[in-house]
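Visitor: Could you take me on a close look at one part of this model, the strands that pair up one after another, and tell me how they relate to what surrounds them? I would enjoy one connected account.

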Amino acid sequence: MRLAACETEGLNRVYDRSREAFAFVLSMPTRLLLAFLLLPGLALCQQPSSTPGEYQGRVIAQTMHWQGAAWLVRHKREREEATTTMRANLGLKPGMAVCDMGSGNGYHTLPMAEAVGDTGKVYAVDVQPEMILMLNERIAEKGVKNIVPIVGALDDPKLPERSCDMILLVDVYHEFSQPEAMLTAMKKALKPNGVIVLVEFRAEDDSVPIKPEHKMSKAQILKEMEVNGLKLVREFEGLPWQHMMFFGLPPQKL
Ligand SMILES: C[S@@+](CC[C@H](N)C(=O)[O-])C[C@H]1O[C@@H](n2cnc3c(N)ncnc32)[C@H](O)[C@@H]1O
(Lines give C-alpha, C1' and ligand atoms only; values in the text may rest on other atoms or scores of the structure.)
Protein backbone atom coordinates (compact mmCIF):
# COMPACT_ATOMS: atom_id res chain seq x y z
CA MET A 1 0.00 0.00 0.00
CA ARG A 2 1.51 3.36 -0.99
CA LEU A 3 0.33 6.48 0.82
CA ALA A 4 0.73 10.19 0.22
CA ALA A 5 0.05 12.39 3.25
CA CYS A 6 -1.08 15.88 4.26
CA GLU A 7 -1.68 16.82 7.92
CA THR A 8 -4.86 18.40 9.41
CA GLU A 9 -5.54 18.87 13.17
CA GLY A 10 -4.51 15.56 14.71
CA LEU A 11 -5.38 13.55 11.61
CA ASN A 12 -3.23 12.78 8.62
CA ARG A 13 -5.24 12.74 5.44
CA VAL A 14 -3.55 10.17 3.24
CA TYR A 15 -4.09 8.93 -0.26
CA ASP A 16 -4.25 5.19 -0.40
CA ARG A 17 -3.12 4.27 -3.91
CA SER A 18 -4.18 0.67 -3.58
CA ARG A 19 -7.78 1.82 -3.03
CA GLU A 20 -7.66 5.00 -5.16
CA ALA A 21 -9.19 6.97 -2.27
CA PHE A 22 -8.36 9.27 0.62
CA ALA A 23 -8.22 7.89 4.13
CA PHE A 24 -7.59 9.46 7.53
CA VAL A 25 -5.00 8.19 9.96
CA LEU A 26 -4.01 9.65 13.32
CA SER A 27 -1.05 12.01 13.46
CA MET A 28 1.92 11.03 15.65
CA PRO A 29 1.16 13.37 18.63
CA THR A 30 -2.47 12.20 18.67
CA ARG A 31 -1.36 8.56 18.58
CA LEU A 32 1.00 9.14 21.51
CA LEU A 33 -1.74 10.86 23.54
CA LEU A 34 -4.21 8.01 22.89
CA ALA A 35 -1.61 5.39 23.74
CA PHE A 36 -0.92 7.19 27.04
CA LEU A 37 -4.64 7.23 27.90
CA LEU A 38 -5.53 3.73 26.70
CA LEU A 39 -2.50 1.54 27.45
CA PRO A 40 -3.20 0.78 31.12
CA GLY A 41 -6.72 -0.40 30.24
CA LEU A 42 -5.48 -2.40 27.26
CA ALA A 43 -2.82 -4.08 29.36
CA LEU A 44 -5.51 -5.25 31.78
CA CYS A 45 -7.74 -6.53 28.97
CA GLN A 46 -4.89 -8.48 27.42
CA GLN A 47 -4.08 -10.46 30.56
CA PRO A 48 -5.15 -14.10 30.08
CA SER A 49 -8.26 -14.91 32.09
CA SER A 50 -6.26 -17.55 33.96
CA THR A 51 -3.66 -15.04 35.16
CA PRO A 52 -2.40 -16.54 38.37
CA GLY A 53 -2.58 -14.69 41.62
CA GLU A 54 -0.80 -15.15 44.92
CA TYR A 55 -1.53 -17.31 47.92
CA GLN A 56 0.16 -16.95 51.31
CA GLY A 57 3.01 -14.96 49.72
CA ARG A 58 3.55 -17.47 46.89
CA VAL A 59 2.99 -16.77 43.18
CA ILE A 60 0.53 -19.35 41.84
CA ALA A 61 1.89 -21.09 38.74
CA GLN A 62 0.13 -21.25 35.38
CA THR A 63 -1.53 -24.59 34.69
CA MET A 64 0.57 -26.87 32.54
CA HIS A 65 -1.18 -26.98 29.16
CA TRP A 66 -2.43 -30.34 27.86
CA GLN A 67 -0.42 -29.83 24.67
CA GLY A 68 2.69 -30.38 26.78
CA ALA A 69 1.39 -33.72 28.08
CA ALA A 70 4.16 -35.70 26.35
CA TRP A 71 6.55 -34.27 28.95
CA LEU A 72 4.63 -36.12 31.67
CA VAL A 73 5.34 -39.50 30.09
CA ARG A 74 8.96 -38.78 29.03
CA HIS A 75 11.36 -41.75 29.32
CA LYS A 76 13.75 -40.08 31.70
CA ARG A 77 11.02 -39.18 34.19
CA GLU A 78 11.63 -42.39 36.18
CA ARG A 79 15.33 -41.51 36.56
CA GLU A 80 14.72 -37.81 37.27
CA GLU A 81 11.86 -38.19 39.77
CA ALA A 82 12.26 -41.82 40.98
CA THR A 83 8.56 -42.27 40.34
CA THR A 84 8.48 -45.98 41.25
CA THR A 85 10.10 -45.20 44.60
CA MET A 86 7.60 -42.39 45.15
CA ARG A 87 4.63 -44.70 44.54
CA ALA A 88 6.18 -47.48 46.65
CA ASN A 89 6.25 -45.00 49.55
CA LEU A 90 2.54 -44.24 49.28
CA GLY A 91 1.65 -47.48 51.03
CA LEU A 92 -1.09 -48.36 48.54
CA LYS A 93 -2.90 -51.60 49.35
CA PRO A 94 -5.53 -53.69 47.53
CA GLY A 95 -9.02 -52.42 48.23
CA MET A 96 -8.03 -48.79 48.89
CA ALA A 97 -9.98 -45.94 47.28
CA VAL A 98 -7.56 -43.23 46.22
CA CYS A 99 -7.49 -40.12 44.05
CA ASP A 100 -4.87 -38.98 41.55
CA MET A 101 -5.66 -35.26 41.75
CA GLY A 102 -4.49 -33.34 38.68
CA SER A 103 -3.91 -36.69 37.01
CA GLY A 104 -2.88 -35.23 33.66
CA ASN A 105 -2.73 -38.03 31.09
CA GLY A 106 -2.46 -40.66 33.81
CA TYR A 107 1.27 -41.30 34.32
CA HIS A 108 0.61 -42.25 37.95
CA THR A 109 -3.05 -43.24 37.63
CA LEU A 110 -2.50 -46.55 35.85
CA PRO A 111 0.14 -47.96 38.24
CA MET A 112 -1.99 -46.76 41.18
CA ALA A 113 -4.95 -48.69 39.75
CA GLU A 114 -2.81 -51.81 39.60
CA ALA A 115 -1.67 -51.34 43.21
CA VAL A 116 -5.20 -51.01 44.64
CA GLY A 117 -6.46 -53.92 42.52
CA ASP A 118 -9.92 -54.92 41.41
CA THR A 119 -11.39 -54.34 44.86
CA GLY A 120 -9.98 -50.82 44.96
CA LYS A 121 -10.69 -47.64 43.00
CA VAL A 122 -8.76 -44.65 41.62
CA TYR A 123 -10.54 -41.36 41.02
CA ALA A 124 -8.56 -39.43 38.39
CA VAL A 125 -9.41 -35.72 38.44
CA ASP A 126 -8.20 -33.03 36.06
CA VAL A 127 -9.56 -29.64 35.02
CA GLN A 128 -8.47 -30.06 31.40
CA PRO A 129 -10.89 -32.34 29.52
CA GLU A 130 -8.14 -33.02 26.97
CA MET A 131 -6.01 -34.60 29.71
CA ILE A 132 -8.93 -36.82 30.72
CA LEU A 133 -9.47 -37.79 27.06
CA MET A 134 -5.83 -38.90 26.83
CA LEU A 135 -6.24 -40.82 30.08
CA ASN A 136 -9.41 -42.48 28.75
CA GLU A 137 -7.49 -43.70 25.69
CA ARG A 138 -4.88 -45.31 27.92
CA ILE A 139 -7.57 -46.87 30.13
CA ALA A 140 -9.26 -48.38 27.06
CA GLU A 141 -5.93 -49.60 25.64
CA LYS A 142 -5.09 -51.45 28.87
CA GLY A 143 -8.65 -52.56 29.63
CA VAL A 144 -8.51 -51.15 33.19
CA LYS A 145 -11.80 -51.23 35.09
CA ASN A 146 -11.14 -49.53 38.41
CA ILE A 147 -10.42 -45.93 37.34
CA VAL A 148 -13.10 -43.25 37.59
CA PRO A 149 -12.11 -40.23 35.44
CA ILE A 150 -13.56 -36.87 36.49
CA VAL A 151 -13.33 -33.48 34.79
CA GLY A 152 -13.08 -31.21 37.81
CA ALA A 153 -13.66 -27.47 38.20
CA LEU A 154 -10.95 -25.02 39.31
CA ASP A 155 -12.57 -24.84 42.75
CA ASP A 156 -14.19 -28.27 42.98
CA PRO A 157 -12.76 -31.71 42.18
CA LYS A 158 -16.29 -33.17 42.20
CA LEU A 159 -15.29 -36.10 44.37
CA PRO A 160 -17.91 -37.92 46.43
CA GLU A 161 -17.82 -37.04 50.14
CA ARG A 162 -15.76 -39.32 52.42
CA SER A 163 -14.69 -41.44 49.47
CA CYS A 164 -10.88 -41.44 49.57
CA ASP A 165 -8.26 -43.08 51.76
CA MET A 166 -5.65 -40.98 50.00
CA ILE A 167 -5.49 -38.04 47.60
CA LEU A 168 -2.19 -37.79 45.74
CA LEU A 169 -1.06 -34.55 44.09
CA VAL A 170 2.13 -34.88 42.08
CA ASP A 171 3.35 -31.53 40.78
CA VAL A 172 -0.20 -30.15 41.00
CA TYR A 173 -0.94 -28.20 44.19
CA HIS A 174 1.20 -25.18 43.20
CA GLU A 175 -1.02 -24.80 40.09
CA PHE A 176 -4.30 -24.51 41.96
CA SER A 177 -5.76 -21.10 41.15
CA GLN A 178 -8.08 -21.50 44.17
CA PRO A 179 -6.07 -23.47 46.71
CA GLU A 180 -8.40 -22.89 49.66
CA ALA A 181 -11.52 -24.04 47.81
CA MET A 182 -9.69 -27.11 46.52
CA LEU A 183 -8.34 -27.99 49.98
CA THR A 184 -11.79 -27.58 51.54
CA ALA A 185 -13.31 -29.89 48.93
CA MET A 186 -10.48 -32.43 49.24
CA LYS A 187 -10.84 -32.52 53.03
CA LYS A 188 -14.55 -33.31 52.58
CA ALA A 189 -13.64 -36.12 50.18
CA LEU A 190 -11.31 -37.80 52.68
CA LYS A 191 -12.43 -40.78 54.71
CA PRO A 192 -11.66 -40.55 58.43
CA ASN A 193 -7.86 -41.00 58.75
CA GLY A 194 -7.47 -40.31 55.03
CA VAL A 195 -4.39 -38.41 53.86
CA ILE A 196 -3.48 -35.79 51.27
CA VAL A 197 -0.02 -36.36 49.78
CA LEU A 198 1.85 -33.47 48.19
CA VAL A 199 4.79 -34.16 45.89
CA GLU A 200 6.37 -30.84 44.94
CA PHE A 201 9.71 -29.88 43.34
CA ARG A 202 12.08 -28.56 46.03
CA ALA A 203 12.37 -24.76 45.94
CA GLU A 204 15.33 -24.93 48.34
CA ASP A 205 17.42 -26.74 45.73
CA ASP A 206 18.75 -24.60 42.87
CA SER A 207 20.00 -27.69 41.04
CA VAL A 208 16.40 -28.87 40.41
CA PRO A 209 15.85 -27.64 36.82
CA ILE A 210 12.26 -26.44 37.16
CA LYS A 211 10.90 -22.86 36.95
CA PRO A 212 10.71 -21.21 40.40
CA GLU A 213 6.91 -20.82 40.40
CA HIS A 214 6.57 -24.59 39.81
CA LYS A 215 8.61 -25.37 42.94
CA MET A 216 7.68 -25.14 46.64
CA SER A 217 9.76 -24.99 49.79
CA LYS A 218 8.90 -27.24 52.71
CA ALA A 219 8.25 -24.16 54.87
CA GLN A 220 5.75 -22.79 52.34
CA ILE A 221 3.94 -26.13 52.03
CA LEU A 222 3.67 -26.40 55.81
CA LYS A 223 2.39 -22.83 56.10
CA GLU A 224 -0.34 -23.36 53.48
CA MET A 225 -1.48 -26.70 54.85
CA GLU A 226 -1.53 -25.50 58.44
CA VAL A 227 -3.69 -22.45 57.72
CA ASN A 228 -6.11 -24.90 56.12
CA GLY A 229 -6.25 -27.14 59.18
CA LEU A 230 -4.03 -29.94 57.86
CA LYS A 231 -1.23 -31.51 59.92
CA LEU A 232 1.95 -33.16 58.67
CA VAL A 233 1.70 -36.85 59.57
CA ARG A 234 4.61 -38.31 57.58
CA GLU A 235 7.21 -37.34 55.02
CA PHE A 236 9.66 -39.05 52.69
CA GLU A 237 12.72 -37.07 51.70
CA GLY A 238 14.37 -39.78 49.56
CA LEU A 239 13.26 -38.44 46.15
CA PRO A 240 15.90 -36.80 43.94
CA TRP A 241 13.99 -33.60 43.13
CA GLN A 242 10.80 -33.48 45.19
CA HIS A 243 9.40 -33.17 48.68
CA MET A 244 6.85 -35.84 49.53
CA MET A 245 4.64 -34.82 52.45
CA PHE A 246 1.57 -36.54 53.92
CA PHE A 247 -1.13 -34.44 55.60
CA GLY A 248 -4.13 -35.48 57.65
CA LEU A 249 -6.94 -33.85 59.56
CA PRO A 250 -6.47 -33.53 63.32
CA PRO A 251 -8.64 -36.01 65.27
CA GLN A 252 -12.16 -34.67 65.81
CA LYS A 253 -12.97 -33.67 69.39
CA LEU A 254 -16.14 -35.30 70.75
C1 LIG B 1 2.17 -30.70 35.87
S2 LIG B 1 0.69 -31.57 35.57
C3 LIG B 1 0.95 -33.05 36.56
C4 LIG B 1 0.15 -34.23 36.07
C5 LIG B 1 0.31 -35.53 36.89
N6 LIG B 1 0.02 -35.33 38.28
C7 LIG B 1 1.67 -36.13 36.72
O8 LIG B 1 2.47 -36.07 37.66
O9 LIG B 1 1.94 -36.68 35.63
C10 LIG B 1 -0.50 -30.67 36.55
C11 LIG B 1 -1.94 -31.07 36.25
O12 LIG B 1 -2.78 -30.48 37.25
C13 LIG B 1 -3.99 -30.12 36.63
N14 LIG B 1 -4.70 -29.12 37.47
C15 LIG B 1 -4.40 -27.82 37.70
N16 LIG B 1 -5.31 -27.26 38.51
C17 LIG B 1 -6.22 -28.22 38.82
C18 LIG B 1 -7.41 -28.27 39.62
N19 LIG B 1 -7.88 -27.20 40.26
N20 LIG B 1 -8.08 -29.45 39.70
C21 LIG B 1 -7.64 -30.54 39.05
N22 LIG B 1 -6.53 -30.56 38.26
C23 LIG B 1 -5.83 -29.42 38.16
C24 LIG B 1 -3.56 -29.59 35.28
O25 LIG B 1 -4.62 -29.58 34.37
C26 LIG B 1 -2.44 -30.57 34.91
O27 LIG B 1 -2.93 -31.66 34.16
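Guide: Happy to! One definition to begin with: Ala, Val, Leu, Ile, Met, Phe, Trp, Tyr, Cys and Pro count as nonpolar, Asp, Glu, Lys and Arg as charged, and the others, Gly among them, as polar. Please keep in mind that this is a predicted model. With those classes, the shell around the ligand holds 13 nonpolar, seven polar and three charged residues. Of these 23 residues, Leu 72, Gly 102, Gly 104, Tyr 107 and Val 170 come nearest to the ligand.

Val 170 is a good way into the part you asked about, as strand β9 covers residues 164-170. β9 runs parallel to strand β10 (residues 190-202), and six bridges join the two. In that pairing, Cys 164 stands opposite Leu 190 of β10. Between these strands comes helix α6 (residues 179-189), and β9, α6 and β10 together form a right-handed β-α-β unit.

Let us stay with β10, since it has further partners to meet. Two bridges link it in parallel to strand β11 (residues 215-216), where Arg 202 faces Met 216. With strand β13 (residues 242-248), β10 pairs in the antiparallel sense over seven bridges. Two of the residue pairs there are easy to pick out: Val 199 stands opposite Met 244, and Val 197 has Phe 246 as its bridge partner.

β13 in turn has a neighbour in strand β12 (residues 231-236), which runs antiparallel to it with five bridges between them. Lys 231 is the bridge partner of Gly 248 in β13, and a hairpin of five residues connects β12 to β13. β13 is mostly covered, with six of its seven residues buried. For comparison, 31% of the 254 residues of the protein chain count as buried.

Now for the packing. The largest nonpolar core has 51 residues, and those touching the most other members are Val 98, Cys 164, Ile 167, Leu 168, Leu 169 and Val 197. You have already met Cys 164 opposite Leu 190 and Val 197 paired with Phe 246. Val 98 deserves a look of its own: leaving aside residues up to four places away in sequence, it touches Leu 92, Met 112, Val 116, Val 122, Cys 164, Asp 165, Met 166 and Leu 168.

Before β9 begins, there is one backbone detail worth a stop. Lys 158 is found in the loop between β8 (147-151) and β9, and its phi is near 60°, a positive value in a residue other than glycine. Most residues other than glycine have a negative phi. Lys 158 counts as exposed because it has 12 C-beta neighbours inside 10 Å, and a residue is exposed at 12 or fewer. Gln 56 offers another case, with a positive phi of about 50° although it is not a glycine. Gln 56 sits in the loop between β4 (54-55) and β5 (58-59), and it counts as exposed because it has 12 C-beta neighbours inside 10 Å.

Finally, a step back to the whole protein chain, which has seven helices and 13 strands. Among contacts between residues at least 6 apart in sequence, 61% join residues at least 24 apart.

Notes. Residues are numbered from 1 along each chain as its sequence is written. This is a predicted model: local features need pLDDT of at least 70, side-chain atom pairs count only at pLDDT 80 or more; totals for chains, interfaces and linings use all residues. A residue is near a molecule or strand if its C-beta atom, placed from the backbone, lies within 6 Å of it. Two strands pair if DSSP finds at least two bridges between them. Helices (H or I, at least four residues) and strands (E, at least two) are DSSP runs, numbered from the N terminus. A crossover is right-handed if, with the strands pointing away from the viewer, the path from the first strand over the helix to the second runs clockwise. A residue is buried if 20 or more other C-beta atoms lie within 10 Å of its own, exposed if 12 or fewer, and partly exposed in between; C-beta atoms are placed from the backbone. A nonpolar core is a set of buried Ala, Val, Leu, Ile, Met, Phe, Trp, Tyr and Cys residues joined through C-beta atoms within 7 Å. Two residues are in contact if their C-beta atoms, placed from the backbone, lie within 7 Å.
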